Amino acid sequence: MSTDTLNTDTATAGGAAGAGPKVDPVTASIIRHGLDAAADQMLVTLKRTAFSPIIYEVMDGAGAFYDRQFRMISQMTALPMFTGSLGLAVESVVKHYEATGEGIQEGDVLVVNDPFVTGTHQWDVAVIVPGFLDGEIVAYAAIKAHHLDVAALAPFVTQSTDVFQEGIIWPGVKLWRAGRRDDDLYRLFTRNTRLPDSAAGDMNAQAGACHTGMRAVLELIGRYGLEQFEAAVEVILDAGEATMREKLAEFPQGRFTGTVVHEHNGFEEVMIPYEVAVEFVDDGIVIDLTDAPDPQPGPVNAPVIGVISAIRCAMMALAIQDGGRANEGYFRPLQLRSREGSMIDAKSPAPVALASYPLYILIEGLNEAIASAMPDRRPAGYDMVVTLFMWGQDENDQVWIDSVNITGGAPAAAPYGDGGGPLMPIACSGVRGVSWEVFEAKTPMTIESTEYAIDSHGVGKHRGGPGWTVMLRADREMELTIVNERSQVPPFALAGAEKGRRNEVLVHRPDGSVEEYAKVTGTKLPAGSRIEMKLSGGAGVGPAAERTPEQVRADLAAGYLSEERAREKYPHAFEG
Amino acid sequence: MSSRIGVDVGGTFTDLIFFDEKSGRVTVGKGPSDPTAVDAAVRGVVSSTLAPERAAEARYFLHGTTVGLNALLERRGAKVGVLTTEGFRDILEQAREERLDERGPRVWDHLFRTPPPLVDRPLRVGIPERVLPDGSVEKELDADAVRAAAAAFAAAGVECVAIVFINSHAAADHELAAERILREAGFDGPVSLSHQITGQYREYERTSTTVIDAYVRPAVSGYLERLESGLKEESVDGECLITTSAGGCIAFSEARSRPFETVMSGPVAGAVGSGVLCRELGLPLAVTADVGGTSFDTCLLVDGRATLKYEGEVVGMPLQTPWVDVRSVGAGGGSIAYIENGLLAVGPRSAGAVPGPVAYGRGGTEPTVTDAAVTLGMLARPTLASGLELDVEGARHSLEPLSRELGIDVDQVAVGILRIAGASMAGAIRAVSIEVGEDPRDGALIAYGGAGPLFSSLLARELQIGTVVVPNHAGNFSAWGLLEQDMVRSAALTIVEPLDRGGLAQAESTLAGLFAQLDERAATKVEGEVVKEAEFDLRFIGQEYSLALGVELEDGRLTEAPAAIAERFGAAYERNYGHRFDVGVTIVSVRAVERTLLPRPSSQGFEAEAGAARSGEKARAYSFVTEDWLDFEVIDREALRPGEEFQGPAIVLEPTTTSYFDVGERGVVHATGALVVTTPSA
């Protein structure tokens, strides 16, 4: 793919031509509300019925509705990066069944986790439910959510060399045909996981939630008629496009660049820098990723479908700041220049288990570029999510798997000031941090500390939010996968401020040894081991010399800053 | 004799209802709310409505207020100190790393910053101690550290202390011991203990709830104290009771020590009153439509009972307490209409009481929902029953800029504003019902609040609901609902046991402890029959989220077999989510509920005013059915007698609200005075 891959909405790009709208603006607005409410019903059902904490507690999943041209028409208020390109997955699976002549029937439930179709990795399993009216497909509901295990070499891997080591691949199959479950496939599905019960529970939760959402959409279509509904969809998408164009017009035209740095290829620490560019042009915005390097030997590559989603996610945040919903219309002014076969336009069988991380880092690079165009539109850099997966057997020899996804100190931002409490980066905004009491109740682990760390943040006129240190103790023997993506390069600072500390994940074993890992798969932890996560500090904005002495004193009083460091970084606060 | 006064404080008005048990008569009062002096406004409406000798007859004074919520919204709470497990002092600020504040979720907001926590870091103190999830003690409580914290709190002028130790739901000893040590060290302010506040796990949510309790305590406590003594001066001598978020009321004295229970009580009384109405009218399923000046509130009633939920967020902060599942959207009579991305939008911004809608002539310039209704003639007369003169021309004029921008005429803009506001209200009604597996089409719509009966026709059509009920005194119905409550206390504890014989035995002994705890809590004994109930939060093994299910309790014993409870749970789960699982069931939490039944008002005791009659008056108003202007019959509500029939198009006027009935709707007056209207959807 070379250009224009972002603009999949060719049907009406640049505004609807031909026949005028068949819907009044009031009805269009009502239908928009109806779609958003349906998306939220889908979210509530998913959360309330899922079996895995990574879905119900953490919300590592999201869903949306697509029209029959596979355009996203509304999404649930959850993980933005999941739904941005799920329409492409729906399209690909549906087209397969059209090509075979079998087509899609009412009551079919399709399952796909092929990373080169869904954009991320096999753990993210997408479920698709078609909606029928009078025998015709009128819309699709789809939910992608993280399954705890898909029969890879470990519950989460960092050292795979091809996609086949990363779990079973469902290329888009009908797990239910016309309302009847395919028991052969279902057995295959539950046999290809270390956690068959929760996999089955989560699958049913996803399918049930899609059905709930689709019922609401069909009721909406029934109330207003298909013709009005589809005309309203055009109005809604056109409004999204107009908003995006309006926001883009506020930026100075030209080319702005940011730098992306990977620190690790899955096997060894190695700096992999490349440049990304954002070009504000007359008819929209061009994202240039042609500088991206070749695929890496380890699983830090990403399929282009995921990259499209990441870019949409980054650019959506230009147009919407509040709780608003994305739709395909917003994406129309976006164009991508990609280099086919690069690490972020990777082809099967490249390993992609950690695909989310190149996507998060890519969004940070784009943010840096945008911040250089308009400094008040972006904060300093966000921390990446540090991920742990741990697993073992409980006292009844049952397999358990759980995970911790956690992020460091929040960045400062020019218009508002200091960084506050930690925040997930925009790409996984909507994902919730762990509840430690739930985690303790479900795992043989004890949390010893989760406190802010002194002198961890980046100083500046506006300081970053404090980093924090989490200490976990393994009370039984277990195995651990670590993904730490800011272990060398802390999040970027802006306008002359400083960066905070880097991320550091240390394992203290009972024999007294201490080892730091950036990425490791299934390292063994004897009972009594401790995992120390020293999370990065938020980066600052503006020169430290401009911070007021009162603010420095408040940082000292709060214990964010030691006097020694305060005197070093803010000498002006101690003068006179 | 059990005459009683109900006073409900809303954002715009303070409403009063007095029920005289001897005569069965009802007296209605209304006065402006004053957020800066809420208790004075309450006294004002009491003294202006009731002569002292009548006020003195009231055996109960029942109250609904948002004082606690306002303290949170305006950040005017106490200086709070937090004692927590060493290593966890920053939980309150880490807040699960979400983009969530009083505006709701902000998933796209790059520049989002977490709101400042209610307690700054220097006042959040970690204490060496540790309890594990099974209740075993890994580290004993360090008494010296508590003493040191007490000294630091005293030096900092801390007014209230919240104590939240990790896993205290499994073993509360350390929280209790820490309180004791604080007292010994001389701290004499209020202390909130997390295990007594929620007893449920999730440390951030429990911390947030406990801190909110401590934070609003002086505001709520001081308010209730001032109000109680002020009411005495107005000759009110009855038992003072306040509504909780879960519906039901508690004594002022108890609310002063558990203020978090009242934080979300604002829209609850109307739900309780609607429940009673459902039982009187024999409605198995109903949804409410309470439309005020700035917001729309709705809840679902099954067999006259509102659905409860056990967690939620208030101004972006989690609150783990039972509350009536009322959904609110920012759409009311004062909601402002504007254009967003080329589409017409309504609310959540409101003109409020000041400046109010353009039609009220108090300086409002932006078009509101009320202005749209006035433009369409839906209020029938240019003078409201309350005496307010409407500026009809001004209202119409305010819609013109929208008309120009959208390219549709002013009438169509007005119709659009009402339909869009109605659609977001309908969305909330669908959410509150469909999420628990009920279809609003099978139920009735109960409309009240100042603007509820104006919207009932539109909502019934949008939702295909066949029956609309407009209760008596609909504009003050929330105050009426206050009179219909029992005293209710509840306490819950997370236990996580399998639903089997052993689990039930465990639940039974937990219940005994919870009921004992409730008895200790009751500072004031109010006379009345006491009913004890038990409820489980259940889930399938392997799941996390649970469903609440009432279980049979006789003399403190759980009488149902595990299989019977499991079957009822499976059925309820299937109704909610469309499927069930063939795996075992877990008891997550046990809840003890104690109701003290208060004597009820005998009925709404309705009589039409003598001499009032239907005059045959007509007014031109817009019909949403024929999409044209028609003659509507204008009826004064006091002229409608029980059993009397009427039919749309008609507009019914009364001092507190206006009801609009469109073409094809047929109404009859119920014995209680409620208007029961059958719509063409029936």
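The exercises below work through domains, interfaces and salt bridges in a predicted two-chain model.

Residues are numbered from 1 along each chain as written, and chains are lettered from A, with ligands numbered from 1, in the order in which they are written. Local features need pLDDT of at least 70, side-chain atom pairs count only at pLDDT 80 or more, totals for chains, interfaces and linings use all residues, and side-chain values use heavy atoms, with hydrogens and water left out.

**Exercise 1. Describe how the two domains of chain A meet.**

Step 1. Set the bounds. Domain 1 of chain A covers 25-238 and domain 2 covers 379-576; such bounds come from an automatic or database domain assignment. Taken over C-alpha atoms, the centres of domain 1 of chain A and domain 2 of chain A are separated by 33 Å.

Step 2. Count the contact residues. Domain 1 of chain A gives 23 residues and domain 2 of chain A gives 23 residues, where contact means heavy atoms within 4.5 Å.

Step 3. Take the area. About 1,900 Å² is buried between domain 1 and domain 2 of chain A, with 67% from carbon and sulfur atoms. Buried area is the accessible area (1.4 Å probe) that two parts lose on being put together, summed over both.

Step 4. Look for polar links. Between domain 1 and domain 2 of chain A there are zero salt bridges (a salt bridge is a side-chain nitrogen of Lys or Arg within 4 Å of a carboxyl oxygen of Asp or Glu). Three residue pairs, both at pLDDT 80 or more, are in polar contact between these domains. A polar contact is a pair of N or O atoms within 3.5 Å; within protein, one must be able to donate a hydrogen and the other to accept it, and residues adjacent in sequence count only if both atoms are side-chain atoms.

Step 5. Assign the surface. On the side of domain 1 of chain A that touches domain 2 of chain A, α2 (53-56) and α3 (80-83) each supply at least two residues. Helices (H or I, at least four residues) and strands (E, at least two) are DSSP runs, numbered from the N terminus. The largest share of that side, three residues, comes from α2(A).

**Exercise 2. Describe the interface of chain B and chain A.**

Step 1. Start with its extent. In contact are 64 residues of chain B and 87 residues of chain A. The area buried between chain B and chain A is about 7,000 Å², and carbon and sulfur atoms give 54% of it. On the chain B side, E97(B), W108(B) and H110(B) lose the most area to chain A, together 15% of what that side buries.

Step 2. Count the polar links. Seven salt bridges join chain B and chain A, and 32 residue pairs (both at pLDDT 80 or more) are in polar contact across the interface.

Step 3. Find the contributing elements. Among those that each supply at least two residues of the side of chain B that touches chain A are α8 (203-233) and α14 (410-434) of chain B. With seven residues, α14(B) gives the most to that side.

**Exercise 3. For selected salt bridges, state the distance and whether the partners are buried or exposed.**

Step 1. Cross the interface. E437(A) and R206(B) meet in a salt bridge at 2.8 Å, N to O. This pair runs from helix α12 (residues 436-442) of chain A to helix α8 of chain B. E437(A) has a relative accessible area of 1% and R206(B) one of 0%, so both count as buried (under 20% relative accessible area; exposed is over 50%, partly exposed in between, 1.4 Å probe, protein chains only).

Step 2. Stay within chain B. The closest N and O atoms of E254(B) and R489(B) are 2.7 Å apart in their salt bridge. E254(B) is in helix α9 (residues 252-257) and R489(B) in strand β28 (residues 487-498), 235 residues apart. E254(B) is buried at 2%, and R489(B) is buried at 6%.

Step 3. Compare a pair in chain A. D345(A) and K347(A) form a salt bridge, with closest N and O atoms 3.3 Å apart. D345(A) is buried at 0% relative accessibility, whereas K347(A) is partly exposed at 36%.

Step 4. Give the total. Over all chains, the count comes to 85 salt bridges.
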